[in-house]
Amino acid sequence: MAKLSHAQWSSKMTFILAAAGSAVGLGNIWRFSYMVGDSGGAAFVLVYLACVALVGLPILVSEWLIGRRGQKNPINTMAELATQHGKSKAWAAIGISGVLAAFLILSFYSVIGGWSLSYTLGSVTGAFSGQDADGISALFTGMLSSPGTLLLWHSIFMLLVIVIVARGVTKGLEAAVRTMMPALLILMLVLVGYGMTTGHFGEAMSFMFNPDWSALSGGVVLAAMGQAFFTLSLGMGIMMAYGSYLGQEVDLIGTARTVIILDTVVALLAGMAIFPIVFANGLSPGEGPGLIFVTLPLAFGSMTGGTILGLMFFLLLTFAALTSAISLLEPVVEFLEERTSLTRVPATLISAILVWLLGIAALLSFNVWDGPVAFGFNTFDLLDNFTSKILLPLTGLGAIVFVAWCLDRASVQRELGLGSTGGTLWHITSRYIAPIGVICVFVGGLI
Ligand code: TRP
């Protein structure tokens, strides 16, 4: 008995780590902090937390449930479950839009992964030590203004992703991440500790948690919901694919709660580490996508052991980015493998080259091509906004609507291990609260 329960525990643990490996990435540290800064602070944070709990949790559970039932890739899973329940095969569109989202996201994700790589090297060579805020900002602006440098790092990052995916060493990397994730958490705590010594910690906490509701608008709420989808890897079929590996005995709601708490803690710690540095150095929280790159090196430059800590931080961030990037490339490769006669290696190469090309368009947005290309956005912002604010919410909405309206209520309730009160609560949340929430935010944010 003891052996059996241990085996179950360890398979559940493995699953949590794999799901958290996809979820915890640049989204938590890079994207979360710059979005908070851009959107005026606490009001964004609180709406984001509400979205994670009310929309993120039920959608995560729905994606896993669909994946566990279908046991196939997201497109075929959706087609099959829909047919089984007498619904249109058009539900497979959810899988397809997920693949498209993965493709688009990876293109700009890789550019930022490249920045993280470059800063890892910068920490080794001591490029940041002894620099003041102006010096650090100048280094960052210098990198942005050079298409060649950005291209080099974007290419190296994509190359690492290709090698890992093509050689199938994903497993080994996941094992490595298992030790790296706790290390990243500890480093974040050290950084928060540093933040407390700056004398601006209180100001940062108030910026993050004491809301000025006048900063709230439909656009900010939509951005917060988009961030919730992005950071939890929702709305892309990724979590559906993960669900197909889940054993029947695993408690979906409990597991989702654990993954969500882990993911949220990393994001909040990132904010608590970064904003004290922002205020202590008179920087602007609304710095944009460069926020962590103009703040964290300052902290590493002035704390004891900062060189080593900085190196470890950017290395761990790069690894977190790599695991998420792999989970983004995987569905694209699978799609090509299945729809064409390509085998794994050429399918990986072709997907990666297409992603890489689109990434070049994204990185040029920081220099030679910084003007708007559509809706007032440059390519980078367009890719980021279109995926997080439109594709991910719509795909996630499809997943939860499918579970709540197309599958039969009793079997879902049994599968989630819910009694009658829990079942009713799930029913109301999944049928009405979460979908209506997504639709309202969506419509409110776009008009
Ligand atoms: N969640 C990851 C992050 O926070 C990024 C990511 C990986 C992702 N897979 C995804 C985002 C699927 C959306 C959909 O960095």
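Analyst: A residue is called buried when its relative accessible area is under 20%, and exposed when that area is over 50%. The structure discussed here is a predicted model. Both Phe207 and Phe279 are buried in it.

User: What makes the pair of Phe207 and Phe279 edge-to-face?

Analyst: Two values are needed, since a pair of aromatic rings is described by the distance of the centres and the angle of the planes. The ring centres of Phe207 and Phe279 are 5.5 Å apart, and the planes stand at 75°. Rings pair if their centres lie within 6.5 Å, and planes over 60 degrees apart count as edge-to-face. Both conditions are met, so Phe207 and Phe279 form an edge-to-face pair.

User: Why is this pair said to tie together separate parts of the sequence?

Analyst: Phe207 belongs to helix α9 (residues 201-209), whereas Phe279 belongs to helix α12 (residues 252-280). The pair therefore ties together parts that are 72 residues apart in sequence.

User: How many aromatic pairs does a search of the whole structure find?

Analyst: The search finds 23 aromatic pairs. One of them joins Tyr119 and Phe293, with ring centres 5.0 Å apart and planes at 70°. An angle over 60 degrees counts as edge-to-face, so this pair receives that name. Tyr119 is in helix α5 (residues 93-125) and Phe293 is in helix α13 (residues 291-302), 174 residues apart, and the pair thus links distant parts of the chain.

User: Why are Tyr119 and Phe293 called buried?

Analyst: Tyr119 has a relative accessibility of 2%, and Phe293 has a relative accessible area of 0%. The limit for a buried residue is under 20%, so Tyr119 and Phe293 both satisfy it.

User: How do you know that Cys51 is in no disulfide?

Analyst: A disulfide requires a pair of cysteine sulfur atoms within 2.5 Å. For Cys51, the nearest cysteine sulfur is that of Cys440, at 12 Å. For Cys440, in turn, the nearest is that of Cys51, and Cys440 is in no disulfide either. Indeed, the search of the whole structure finds 0 disulfides. Cys51 is also buried, because its relative accessibility is 8%.

User: What makes Arg31 a charge that sits over the ring of Phe230?

Analyst: The charged end of Arg31 is 4.8 Å from the centre of the Phe230 ring. The distance limit is 6 Å, and the charge must also be within 35 degrees of the ring normal. Arg31 is found over the Phe230 ring. In a second case, Arg431 lies over the face of Trp405, 3.9 Å from the ring centre.

User: Which residues come nearest to the ligand?

Analyst: There are 18 residues around the ligand, and those that come nearest are Ala23, Gly27, Tyr109, Phe230 and Met236.

User: What makes the approach of the ligand to Gly27 a polar contact?

Analyst: An oxygen atom of the ligand is 2.8 Å from a polar backbone atom of Gly27. A polar contact is a pair of N or O atoms within 3.5 Å, so this distance qualifies. A nitrogen atom of the ligand is likewise 3.3 Å from a polar backbone atom of Ser22. A ligand nitrogen is also 3.4 Å from an N or O atom in the side chain of Ser327. Taken alone, the ligand exposes 360 Å², and the protein buries 100% of that.

User: Why is Thr387 called buried, and what does its side chain reach?

Analyst: Thr387 has a relative accessibility of 0%, which is under 20%, so it counts as buried. Thr387 lies in helix α16 (residues 379-406). Its side chain reaches the backbone oxygen of Leu383 at 2.7 Å.

User: What is notable about phi in Ser233 and Phe375?

Analyst: Most residues other than glycine have a negative phi. Ser233 has a positive phi near 55°, and Phe375 has a positive phi of about 50°. Ser233 lies in the loop between α10 (218-231) and α11 (238-243), while Phe375 lies in the loop between α15 and α16.

User: Are these two residues buried or exposed?

Analyst: Ser233 is buried, because its relative accessibility of 11% is under 20%. Phe375 is exposed, because its relative accessible area of 76% is over 50%.

Technical notes:
Residues are numbered from 1 along each chain as its sequence is written. This is a predicted model: local features need pLDDT of at least 70, side-chain atom pairs count only at pLDDT 80 or more; totals for chains, interfaces and linings use all residues. Side-chain values use heavy atoms; hydrogens and water are left out. Buried means under 20% relative accessible area, exposed over 50%, partly exposed in between (1.4 Å probe, protein chains only). Rings of Phe, Tyr and Trp (its six-membered ring) pair if their centres lie within 6.5 Å; planes under 30 degrees apart count as stacked, over 60 as edge-to-face and the rest as tilted. Helices (H or I, at least four residues) and strands (E, at least two) are DSSP runs, numbered from the N terminus. A residue is near a molecule or strand if one of its heavy atoms lies within 4 Å of it. A polar contact is a pair of N or O atoms within 3.5 Å; within protein, one must be able to donate a hydrogen and the other to accept it, and residues adjacent in sequence count only if both atoms are side-chain atoms. Accessible areas come from the Shrake-Rupley method with a 1.4 Å probe; for residues, only the protein chains shown count as cover.
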